[in-house]
There are 2 protein chains.
Amino acid sequence: MTKPMYEGKAKQVFATENPDELLVYFKDDATAFNGEKRGTIGNKGVLNNKISTFFFNLLSEKGIPHHFIKMLSEREMLVKKLDILPVEVVVRNIAAGSLAKRIGWEEGRKLPSTVIELYYKDDNLGDPLINNYHIKALGLASPEQVETLEAYALKINEILSAFLKDKKLELIDFKLEFGVHKGEVLLGDEISPDTCRFWDSETGQKLDKDRFRRDLGNVEEAYQEVLRRITGQ
Amino acid sequence: MTKPMYEGKAKQVFATENPDELLVYFKDDATAFNGEKRGTIGNKGVLNNKISTFFFNLLSEKGIPHHFIKMLSEREMLVKKLDILPVEVVVRNIAAGSLAKRIGWEEGRKLPSTVIELYYKDDNLGDPLINNYHIKALGLASPEQVETLEAYALKINEILSAFLKDKKLELIDFKLEFGVHKGEVLLGDEISPDTCRFWDSETGQKLDKDRFRRDLGNVEEAYQEVLRRITGQ
Ligand SMILES: Nc1ncnc2c1ncn2[C@@H]1O[C@H](COP(=O)(O)OP(=O)(O)O)[C@@H](O)[C@H]1O
Ligand SMILES: Nc1ncnc2c1ncn2[C@@H]1O[C@H](COP(=O)(O)OP(=O)(O)O)[C@@H](O)[C@H]1O
Ligand SMILES: [Mg+2]
Ligand SMILES: [Mg+2]
């Protein structure tokens, strides 16, 4: 295969014959804490490709525009090429991770209202939290784009939370990336246990990348369990 | 004197015979980096009381509602009692301090547009940056109050920046606290070299608490110079 156009922490991105489309290859590599912790999760690439494919299809049905075109192989996905907006959108229903630390709440406490956080996508800076004034001053996105991101993020939260509840999974929080394709804002990247926190609704068991971050064991099994629950496979 | 109702890092707050009014006593104590660095700055209490008094009077003329009633002595100020909103409002014109770190800009670079940042006033948490969603979820202030804080903060920035420019001082950034008095949002706390960054317009010399934070020397002299320039004393 040719050299990737871009190699990220979890995926490689390749050009295709069509300049409007890219091929995304899902790796087993896992990183945490801004690259400080590194390792691999067996079969993660395959599982995240399948899980993301499932969620993008679900969002299609609900009218959320996204980059996903089709799965090409176990680890490969064909997507629309985006100019990625350097603003990561995090949606939170339950306090966990950095939010729990920031506001001094114990993990697992339900937030009285949904929290959206915007982070500047910049590995060198450690993806800092930012607000609309930072975005404007840095020219990261237009105010209209930020409005669109937040509206889609809230809609996606409703769709995913409701769907997952039926599968006995609690959607604690998740991170989205968006980009522009032919002037339109589309959801990009992936939706997987790498980018979401999923807790078993009954036992509270973590079924996501926190098992890797915190050395909880059974990481691959957790990703497998998410795929099993959402697809019934 | 009676025991203070509240003792902060830089001031003591005393009840008065009038339940709607408080006495604020300005100390020489200085802290930085969330209390990690401690010291005193000679005469700081006197200087900050005089500088704050001057700025509150300036803001009165321009129609900004605030807590200041009158100076009682060199170190004492009479103010309207506020229920302080636990949201610190930072306004920035030029990148410096934590913003320069957050976005990876060198200090002194002009921001293309004014940046407002909201911080959760909580010493134990280290006053973390927050956004409107955090404020709503934590119930720190109503959306209308946040709008008011931001509008006043921008207006105060215009007033102070224009005034200081004439005195050959650049207003780099500053922190405000607001509170509620009889249902109305008023500006509270202090406006001083402890809470603002002032740079000499020509030489770029720092005339504020960064001289203490960064051990630059001549700290008292810098505070004195700010008072001299703004009042002509
Ligand atoms: N449709 C798309 N078009 C262009 N770039 C994309 C698209 N979807 C995702 N990306 C980018 O490709 C990279 C995916 O690789 P990943 O390993 O997740 O990177 P990172 O280390 O930045 O998280 C990310 O930088 C992501 O923003
Ligand atoms: N008008 C007011 N009414 C009540 N509290 C006030 C008023 N103005 C300021 N304060 C509070 O008084 C304290 C001032 O003391 P300071 O030493 O600056 O405290 P801190 O250590 O919290 O910065 C702060 O907590 C501030 O919020
Ligand atoms: Mg990624
Ligand atoms: Mg203070």
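Tutor: Contact here means heavy atoms within 4.5 Å. Keep that in mind as we explore this predicted model.

Student: Through what do the copies meet?

Tutor: Look at the interface residues of chain B and ask whether they also serve in chain A. In fact, 100% of them are also interface residues in chain A. The copies therefore meet through the same surface.

Student: Which relation links chain B to chain A?

Tutor: Chain B can be laid on chain A with an RMSD of 0.0 Å. The move needed is a turn of 180 degrees with a shift of 0.0 Å along the axis. That is the relation of a two-fold axis.

Student: Which residue of chain B comes closest to the rotation axis?

Tutor: We go by C-alpha position here. At 3.3 Å from the axis, the residue of chain B that comes closest is Asn131(B).

Student: Now to the ligand. How much of the area of ligand 2 does the protein bury?

Tutor: Start with the polar contacts. Oxygen atoms of ligand 2 lie 2.7 Å from a polar side-chain atom of Lys11(B) and 2.5 Å from a side-chain N or O atom of Glu177(B), while a nitrogen atom of the ligand is 2.9 Å from a backbone N or O atom of Lys80(B). Taken alone, ligand 2 exposes 550 Å², and the share of this that the protein buries is 90%.

Student: How many residues of the shell around ligand 2 are charged?

Tutor: Altogether, 16 residues surround ligand 2, with Lys9(B), Lys11(B) and Glu177(B) among the closest. Seven of the shell residues are nonpolar and two are polar, and the number of charged ones is seven.

Definitions and conventions: Residues are numbered from 1 along each chain as its sequence is written. Chains are lettered from A and ligands numbered from 1 in the order in which they are written. This is a predicted model: local features need pLDDT of at least 70, side-chain atom pairs count only at pLDDT 80 or more; totals for chains, interfaces and linings use all residues. Side-chain values use heavy atoms; hydrogens and water are left out. A residue is near a molecule or strand if one of its heavy atoms lies within 4 Å of it. A polar contact is a pair of N or O atoms within 3.5 Å; within protein, one must be able to donate a hydrogen and the other to accept it, and residues adjacent in sequence count only if both atoms are side-chain atoms. Accessible areas come from the Shrake-Rupley method with a 1.4 Å probe; for residues, only the protein chains shown count as cover. Ala, Val, Leu, Ile, Met, Phe, Trp, Tyr, Cys and Pro count as nonpolar, Asp, Glu, Lys and Arg as charged, and the others, Gly among them, as polar. Copies are superposed by least squares on the C-alpha atoms of residues with pLDDT of at least 70 in both.
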